[in-house]
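Here are my notes for anyone opening this structure for the first time. Keep the view open beside the text and go through the points in turn.

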Amino acid sequence: MKNNEMRIRKLDSSVLVAKEEPFSCEVLSKLLEREGFDVVGRANELDDLIQKIHTKKPKCVIVEANLIGKETNHLLKELASTTHPPKLVLYFNASNSKELSKALDANFNGYLYSEDRLDELYKCLLYIQTQSKYYSDGFKDLMKKLGLKEIDSDTQQRLKSLTKREKQILYLVTEGLTGYEIADSLCISYRTLANHKQNLIQKLGIDSNRHLLKFGLQIKSYLDSI
């Protein structure tokens, strides 16, 4: 009975596969079809991927980080314009904290590492049908290696609400700079800095300036790319 239930759940999810290398894209698509997933399209370029998302209307998109490159925001904007945006699973293959922070900031539904086994992909596709976020063990290991911690979606949303200047200030707080040193380094007045800090406290939902440093240290790795 369990196997039948698993196959029904797999058939419920139409999938679009996007990988730079055509042969690799074709192989992955065939493997997914063999497992019962409905593969409705393949793409090897970003423009083609966006077009097929609009025309094929998949429930899930599997995409390589290399294929998106620096156009993540463009892709997310296009998805937001669709009536029923698909869930996004990212295959991450870089090895630096800056790129990883950007990937996490994009808030995909699933995160896989390029060296993960296919079983991880299958588990991810099933998981995100009913749950909000999936991180493979390989991706989590990479996060730990690069000094990043997994943060919940609420914290991600709070960080997204910060302005560039507010993120700069929070980062400098974690570096141990005094208020006067931060104001001087950003060429702003101490009073302006105080206003920025008050905005940070409100947006982050913390109690006071005393907790700003603690919060900043917990998510510092996500601010390293600023």
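**Notes for a first look**

1. Start at Gly 176, just after α10: this glycine takes a positive phi of about 85°. Before reading on, bear in mind that you are looking at a predicted model.

2. Now step back into helix α10, which covers residues 164-174. Which of its residues are buried? The list runs to Glu 166, Lys 167, Ile 169, Leu 170, Leu 172, Val 173 and Thr 174.

3. Glu 166 deserves its own stop in helix α10. Its relative accessible area is 3%, so Glu 166 counts as buried, the cut-off being under 20%. Setting aside neighbours within four places in sequence, Glu 166 is in contact with Ser 161, His 196, Asn 199, Leu 200 and Lys 203.

4. How does α10 sit against helix α13? The second helix spans residues 209-218, and the two pack at an angle of about 95° with their axes 8 Å apart. That angle makes α10 roughly perpendicular to α13, because 65 to 115 degrees is the range for that label. On the α10 side, the contact is made by Leu 170, Val 173 and Thr 174; α13 brings Leu 212, Leu 213, Gly 216 and Leu 217. Leu 170, Val 173 and Thr 174 are also on the buried list for α10.

5. For the wider picture, the protein chain has 13 helices and six strands. Buried residues make up 44% of its 226 residues. Take the contacts with a separation of 6 or more: 63% of them are between residues 24 or more positions apart.

6. Leu 121 is a good place to look inside. You'll find this leucine in helix α7, residues 118-127. Is Leu 121 buried or exposed? With 0% relative accessibility, it counts as buried. Beyond residues up to four places away in sequence, Leu 121 touches Leu 28, Leu 32, Ile 62, Val 89, Tyr 91 and Leu 112. Gly 110 is eleven residues from Leu 121 in sequence, and their C-alpha atoms are 9.0 Å apart in space.

7. Have a look at Leu 79 too, in helix α5 (residues 72-80). A relative accessible area of 7% puts Leu 79 among the buried residues. Ile 50 is 29 residues away along the chain, yet the C-alpha atoms of the two are separated by 8.0 Å. Leaving out residues up to four places away in sequence, Leu 79 touches Ile 53, Pro 85, Pro 86 and Leu 88.

8. On to the aromatics. How many aromatic pairs does a search of the whole structure find? It finds eight. Ring pairs link Phe 92, Phe 108, Tyr 111, Tyr 135 and Phe 139 into a cluster. Tyr 91, one of the residues that Leu 121 touches, has a charged visitor: the charged end of Lys 19 sits over the Tyr 91 ring, 5.4 Å from its centre.

9. Then the charges. Side chains of opposite charge can pair when their charged atoms come close. The structure holds seven salt bridges. In one of them, the side chains of Lys 123 and Glu 120 meet at 4.0 Å, N to O. Why are these two about one helical turn apart? They are three residues apart in helix α7. Glu 120 is buried at 11% relative accessibility, whereas Lys 123 is partly exposed at 45%. Elsewhere, salt bridges that share partners join Glu 26, Lys 30, Glu 33 and Arg 42 into one network.

10. Two bridges in that network are worth tracing. Lys 30 and Glu 26 meet through their side chains at 3.9 Å, N to O. These two are four residues apart in helix α2 (residues 22-34), so about one helical turn separates them. Lys 30 is partly exposed at 44% relative accessibility, and Glu 26 is partly exposed at 32%. Glu 33 forms a salt bridge with Arg 42, with the closest N and O atoms 3.6 Å apart. Glu 33 counts as partly exposed at 32% relative accessibility, and Arg 42 is partly exposed with a relative accessible area of 25%.

Technical notes:
Residues numbered from 1 in each chain as written. Predicted model: local features only at pLDDT ≥ 70, side-chain atom pairs only at ≥ 80, totals over all residues. Heavy atoms only, no water. Buried < 20%, exposed > 50% of the residue type's maximum accessible area, 1.4 Å probe, protein only. Contact = heavy atoms within 4.5 Å. Phe/Tyr/Trp six-rings, centres within 6.5 Å; stacked < 30°, edge-to-face > 60°. Lys NZ or Arg CZ within 6 Å of the ring centre and 35° of its normal. Axes fitted to C-alpha atoms, helices over the stretch in contact; angles between N-to-C directions. Parallel < 35°, antiparallel > 145°, perpendicular 65-115°, else oblique.
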